[in-house]
Amino acid sequence: MSIATAAPELGVKTRIEYDDAPVRQFMIASIGWGIIGMLVGVLIATQMGVWQANFKTSWLTFGRLRPLHTNAVIFAFVGNMMFAGIYYSTQRLVKARTASRLLSQIHFWGWQAIIVAAVITLPLGLTRGKEYAELIWPIDIAVALIWVIFAVNFFWTLARRNEPSLYVAIWFYIATIITVAMLYIINHLSIPTSWTHSYPIFGGVQDALVQWWYGHNAVAFFLTTPILGIMYYFLPKAAERPVYSYRLSIVHFWSLVFIYIWAGPHHLLNTSLPGWLQSLGMVFSLMLWAPSWGGMLNGLLTLRGAWDKLRTDPVLKFFAAGITFYGMATLEGPLLSIKSVNAFSHYTDWGIAHVHGAALGWNGFMAAGMFYWLAPRLWGRRLHSVAAANMHFWLGTVGILIYTAAMYVSGITQGIMLGATKEAGTVLSYPNFLDAVTSTRILMHLRALGGLMYLAGFIILAWNIWRTARGAQAVNGSIEVYVPEKPATMGLGGGFFNAPVIYTTLLLVFLSGWAALPTLPSGLSIVGLVATAMAMSMHKEFTKTSWSAWYERLLENALPFTALTTVAVFIGGLVQIIPTVMISTANNVEGMRQIPYTPLELAGRDIYIREGCYNCHSQQIRTLVGDVLRYGDYSKLGESIYDHPFQWGSKRTGPDLAREGGKYPNSWHFFHMRDPRQISPGSTMPDYPWLFRDKTEIAALPNKLAVQRRIGVPYKMMTDAEIQEACATQAGLIADDLKNAGAEVPPEREIIALISYLQKLGKSEKVTPIESMQAAAK
Amino acid sequence: MFHRILVEEWQRALSVMSICIFLSVFLINLIRVRRMSQASITQLSKLPLEADDHA
């Protein structure tokens with residue numbers, strides 16, 4: 001940094017060299033991990049059609065690799081891409097070099113170490129058993145720490161900025177940093193039982209709500225808001241014109257940030273989740289249509305007058321297609337949140353088509369567009385091959401279309417077949433679940449083909465950028481700026497304790513009171529509403545102050561702005577989670593209460609979670625005719641209250657298992673786990689030979705039971721010897737039963753524990769309201 | 001055919017309150033955006049276009 005000239009009216013003129021080394025590092029990491037994540041995706045897509053691709057190896061099965069695929073794509077590919085975009089654009093938007101190279105490096109290498117840890121632990125079956133939140137607790141702590149380091153570096157850079165205003169892209173980054181931290185910490189609250197295992201503190205319906213509050217908002221605040229920030233910076237850059245409507249971008253930001261956080265329950269429609277939460281999730285999901293399309297149109301219209309460049313410029317081509325996919329995904333998302341549509345689409349491949357349209361189209365194409373724009377600038381050389389970039393675009397586009405078309409057809413086929421009834425809705429048209437599996441087999445091959453084409457496109461990108469950078473000198477951007485005198489900062493107090501905020505809060509409280517409270521308090525709320533409006537009017541009249549100045553200053557002060565964003569995202573979370581956590585569990589079991597697992601069954605459940613069975617099997621019978629006819633009475637709230645973590649699932653590649661217990665003899669499960677096709681011809685489930693070889697981990701059970709007691713499962717105190725004896729007795733009974741059926745296996749093997757768990761599923765006790773109240777009192 | 005409503009009395013207010021809160025946020029935001037000066041809007045929208053030696 002060197003001082004060139006001084007101009008008193010503008011401040012001191014300074015040349016700033018940006019720190020673009022982390023941008024290069026994160027970009028290269030994103031491309032590398034992206035290819036690995038997509039490669040794993042192609043493998044597990046192949047496993048859907050060819051069961052032999054599981055290779056009879058524990059660490060290559062679908063159940064263990066699917067979490068690796070999702071985590072690699074979300075946190076490694078998009079995560080690194082997001083960091084590259086944020087480090088590049090933030091420096092330029094605030095005209096300041098990133099505050100600390102050391103923190104950037106800790107951030108980069110720490111994040112890569114986390115990904116490597118995930119790549120090792122997930123195939124080993126070390127998992128928390130919650131989708132997109134599978135990483136074990138030591139890695140979770142590392143994620144939180146590295147995220148905080150990223151946040152410190154980001155806000156430190158903002159504090160040193162030479163541009164007073166905060167461009168809207170910075171707002172999206174702030175919302176991302178705050179909300180991801182909040183979501184990640186709350187959904188990962190667990191109590192460890194060992195260095196590699198823990199149980200979440202939430203269970204059953206509470207865990208389901210917290211999980212999908214997190215899961216949905218991982219989509220919102222990890223895969224959407226940072227990419228929108230990137231769109232608002234890089235699209236005007238590439239199109240060489242300002243965003244179509246800056247006003248619309250402000251409305252887009254506040255509406256999106258405020259609404260998104262409420263929509264999580266749409267992942268749990270027609271389940272045991274309380275009805276009011278389902279309605280809330282559906283209504284807010286529908287409201288998302290408006291801001292999402294506002295943003296999408298704002299992006300596309302930024303290309304006004306530049307559409308002709310799309311023929312030749314691969315960057316704009318990727319951006320335009322990416323934003324179009326964003327529009328399609330955000331049209332489809334609310335549609336799938338309508339209860340009746342969701343009844344058809346949920347648990348089928350329709351959901352898979354939806355997320356891949358968004359991930360491959362929106363995230364992947366925005367990443368590609370950004371990388372093609374960045375590479376020539378970061379290495380000071382023209383892109384090696386525009387033709388190759390164009391080939392990447394068409395390979396990727398056709399790949400997405402083949403993939404999603406196959407999944408839409410498959411999802412609709414599954415929805416029709418699994419829900420179809422005859423004889424006035426009393427009999428299933430396709431009682432054998434496997435009919436839906438075998439009918440869609442060819443589509444699974446097409447899915448793998450589409451994925452392979454998309455992967456090939458990214459390999460071309462990697463080659464193209466490598467050739468661009470090879471032998472070139474890395475170039476850091478620099479700029480001459482006038483360092484302005486620091487304006488008086490607003491501070492948190494100034495941000496919140498002022499007339500506009502206080503009057504607005506009072507109006508909001510009275511408005512809510514009028515709408516929600518019974519007659520008398522409602523009437524008083526109207527009085528309060530009118531009184532506040534009059535006081536506000538008189539205040540303005542007497543003081544002659546302009547309240548818009550407060551808002552204008554807020555936009556130049558990162559701290560109160562961040563606080564306001566935090567409040568906006570907190571409200572939605574609090575309204576949903578607090579009532580659900582506070583709701584008296586024992587009073588609301590809907591007449592059925594889960595019987596806690598025996599020690600052996602708990603060990604079996606941990607094996608079920610380790611193998612990732614929840615990736616293909618749900619444990620939730622919805623309030624739908626097709627579900628009830630196929631699986632039995634719909635799932636009651638109390639039937640999973642002791643499940644830490646819940647295992648309701650999100651996709652049925654195999655049938656629901658909520659009432660699996662007692663449906664088949666022990667020997668059925670024995671032979672089915674050894675060779676699924678022997679029992680269910682046409683099944684795509686892997687063989688599990690290691691379950692017949694490995695011993696159940698009984699030694700860990702005392703710790704596990706102690707933690708279960710701490711999180712509220714009513715286990716009586718047992719000594720280690722009593723636990724071992726209980727396991728040995730139950731395992732012995734199952735082993736004897738198997739022997740009588742011609743299936744001999746020693747009682748200490750994992751298959752015995754797993755069978756004991758599967759046979760427990762759906763075993764609950766009936767309780768009357770009086771009994772449940774007595775239980776709550778105890 | 002199925003009954004699935006589980007509401008304790010005080011939770012009935014939450015859905016209504018949620019909508020009220022959102023509408024307030026949206027309307028206030030809309031008013032503020034409409035009242036922002038054109039000069040400020042133009043200056044903000046051009047921020048990404050300011051060139052460094054990478055652009």
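These legends describe close-up views of a predicted model.

**View 1. Domain layout of chain A.**
Chain A is divided into three parts: domain 1 (18-470), domain 2 (491-548) and domain 3 (592-777). Taken over C-alpha atoms, the centres of domain 2 and domain 3 of chain A are separated by 55 Å.

**View 2. Helix α2 of chain A, end to end.**
Helix α2 of chain A covers residues 62-94, which makes 33 residues. At 1.5 Å a residue, the helix should span 48 Å. Its end C-alpha atoms are 45 Å apart, so the expected span and the model agree. The helix has a kink of about 35°, centred on A:Ala72. Just after α2(A) comes A:Lys95, with a positive phi of about 50°. Of the 33 residues of α2(A), 33 are buried, so the rest of the structure largely encloses this helix.

**View 3. A contact between A:Ile230 and A:Met82.**
A:Ile230 belongs to helix α7 (residues 225-239) of chain A. Its relative accessibility is 0%, so A:Ile230 counts as buried, the cut-off being under 20%. The C-alpha atoms of A:Ile230 and A:Met82 are separated by 7.9 Å. Along the chain, these two residues are 148 residues apart.

**View 4. Salt bridges of A:Glu611.**
A:Glu611 forms a salt bridge with A:Arg64, and the closest N and O atoms are 2.7 Å apart. A:Glu611 lies in the loop between α22 (599-610) and α23 (625-631) of chain A, whereas A:Arg64 lies in helix α2 of chain A, so the pair ties together parts 547 residues apart in sequence. Both ends of the bridge are covered: A:Glu611 is buried at a relative accessible area of 2%, and A:Arg64 counts as buried at 6% relative accessibility. A:Glu611 also forms a salt bridge with A:Arg610. Here the closest N and O atoms are 2.8 Å apart.

**View 5. The salt bridge between A:Asp606 and A:Lys704.**
A:Asp606 pairs with A:Lys704 in a salt bridge, with 3.0 Å between the closest N and O atoms. A:Asp606 sits in helix α22 of chain A and A:Lys704 in helix α26 (residues 701-710) of chain A, so the bridge ties together parts that are 98 residues apart in sequence. A:Asp606 counts as buried at 10% relative accessibility. A:Lys704 counts as buried too, at 8% relative accessibility.

**View 6. A salt-bridge network.**
Four residues, A:Lys56, A:Asp675, A:Arg677 and A:Asp687, are joined into one network by salt bridges that share partners. Over all chains, the structure holds 28 salt bridges.

**View 7. A nonpolar patch on the surface.**
The patch is formed by A:Trp514, A:Ile526, A:Val530, A:Met534, A:Met538 and A:Phe542. Together these residues have about 660 Å² of accessible area. Helix α19 (residues 519-543) of chain A supplies the largest share of the patch, five residues. A:Val530 has its place in this helix, α19 of chain A. Its relative accessible area is 46%, so A:Val530 is partly exposed, a class that runs between the 20% limit for buried and the 50% limit for exposed.

Note on methods: Residues numbered from 1 in each chain as written. Chains lettered and ligands numbered in written order. Predicted model: local features only at pLDDT ≥ 70, side-chain atom pairs only at ≥ 80, totals over all residues. Heavy atoms only, no water. Helix = DSSP H or I, 4+ residues; strand = E, 2+ residues; numbered from the N terminus. Expected span 1.5 Å × (residues − 1). Bend = angle between axes of the 7 residues up to and from the residue. Buried < 20%, exposed > 50% of the residue type's maximum accessible area, 1.4 Å probe, protein only. Patch = residues over 30% accessible without salt bridge, like charges linked within 9 Å, V, L, I, M, F, W, Y side chains within 5 Å. Areas by Shrake-Rupley, 256 points an atom, 1.4 Å probe, with all protein chains shown as cover. Salt bridge = Lys/Arg side-chain N within 4 Å of Asp/Glu carboxyl O. Domains from an automatic or database assignment.
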